[in-house]
Amino acid sequence: MHVLHTPAKQELLRFLSLHPASSTAEVATAFEVSVEAARQRLTDLENAGVIVGSVAHGQRRGRIVTFRVDETRVRALIDELAGYVLGQ
C-alpha cells in the first residue's frame, strides 16, 4: 500500500496511465528530473508491482524500456486501503 502514499508516486502512476508505453527518458523529461532519478522512481513502482516494463530486468542494458500501469494491481491496492480505512 505504501506505493500510493506519496503524491509524487501518484502523479507518476497517473502520467503512465495517460501516457502508456512511456520510456524512462520521457518520464524524466515530463517530470523535469534526471534520467537516473526517473529510473529509480520507475524501479520503485515496478518493484511494488504497480507498473510493468516492456523488457525483463536482466535484458535491459542498452535497450529502451517502456512502462505501463498494472491496473489490476493498482485497483487491488486501493481496495486493500479502503478495507483498512473502513475497518473491514
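**Burial and overall build**

I started with burial: of the 88 residues in the chain, 31% count as buried. Note to self: this is a predicted model. I got an accessible surface of about 5900 Å² for the chain, with 53% of that belonging to carbon and sulfur atoms. I then boxed the C-alpha atoms along the principal axes and got roughly 45 × 25 × 20 Å.

Next I listed the secondary structure. The chain has 4 helices and 3 strands, and from the N terminus the order reads α-β-α-α-β-β-α. I also checked contact range: among contacts between residues at least 6 apart in sequence, 40% join residues at least 24 apart.

**Helix α1**

I checked the length of α1 (residues 7–18) first. At 1.5 Å a residue, its 12 residues should span 16 Å, and the end C-alpha atoms are indeed 16 Å apart, so the two agree.

Which residues of α1 are buried? I found L12, L13, F15 and L16. Looking down the axis, I see the buried residues of α1 fall within an arc of 160 degrees, so they line one face of the helix. The general rule is handy here: an α-helix has 3.6 residues a turn, so residues three or four places apart point the same way. On the face turned away from the buried side I found the exposed residues P7, R14 and L18.

Then I asked what covers the buried residues of α1. The cover includes β1 (22–23), α2 (24–31), α3 (35–47), β2 (51–53) and β3 (66–69).

**T24 in α2**

I picked T24, which lies in helix α2. Its relative accessibility is 13%, and T24 counts as buried because the cut-off is under 20%. Skipping residues up to four places away in sequence, I found T24 touching V35, A38, R39, L42, V65 and F67.

**Two positive phi values**

I went through the backbone angles with the usual expectation in mind: most residues other than glycine have a negative phi. A21 goes the other way, with phi near 65 degrees. I placed A21 in the loop between α1 and β1, and at 45% relative accessibility A21 counts as partly exposed.

E32 also has a positive phi, near 55 degrees, and is not a glycine either. E32 lies in the loop between α2 and α3. With a relative accessible area of 74%, E32 is exposed.

**Salt bridges**

How many salt bridges are in the whole structure? My search turned up 2.

One of them joins R39 and E36, with the closest N and O atoms 2.8 Å apart. Both sit in helix α3, and being 3 residues apart they are separated by about one helical turn. I looked up the exposure of each: R39 is partly exposed at 40% relative accessible area, and E36 is partly exposed at 48%.

The side chains of R60 and E46 also meet in a salt bridge, at 2.6 Å from N to O. R60 lies in the loop between β2 and β3 and E46 in helix α3, so this pair ties together parts that are 14 residues apart in sequence. Buried or exposed, I wondered, for R60? R60 is buried, with a relative accessible area of 16%. E46 is buried too, at 13%.

I listed the other contacts of R60 as well. Not counting residues up to four places away in sequence, R60 touches G53, V55, V65 and F67, besides E46. V65 and F67 had already come up in my list for T24.

**H57, in the β2–β3 loop**

I stayed in the loop between β2 and β3 for H57. Leaving aside neighbours within four places in sequence, H57 is in contact with E46 and N47. So E46 shows up again, having appeared as the salt-bridge partner of R60. I also took a C-alpha distance: H57 and T43, 14 residues apart along the chain, are separated by 9.9 Å.

**A nonpolar patch**

Last lookup was the surface. L81, Y84, V85 and L86 make a nonpolar patch of about 460 Å². I checked one member, Y84, which lies in helix α4 (residues 71–85). Y84 counts as exposed at 63% relative accessibility, since the cut-off is over 50%.

Note on methods:
Residues numbered from 1 in each chain as written. Predicted model: local features only at pLDDT ≥ 70, side-chain atom pairs only at ≥ 80, totals over all residues. Heavy atoms only, no water. Expected span 1.5 Å × (residues − 1). Buried < 20%, exposed > 50% of the residue type's maximum accessible area, 1.4 Å probe, protein only. Arc of directions from axis to C-beta. Contact = heavy atoms within 4.5 Å. Patch = residues over 30% accessible without salt bridge, like charges linked within 9 Å, V, L, I, M, F, W, Y side chains within 5 Å. Areas by Shrake-Rupley, 256 points an atom, 1.4 Å probe, with all protein chains shown as cover. Salt bridge = Lys/Arg side-chain N within 4 Å of Asp/Glu carboxyl O.
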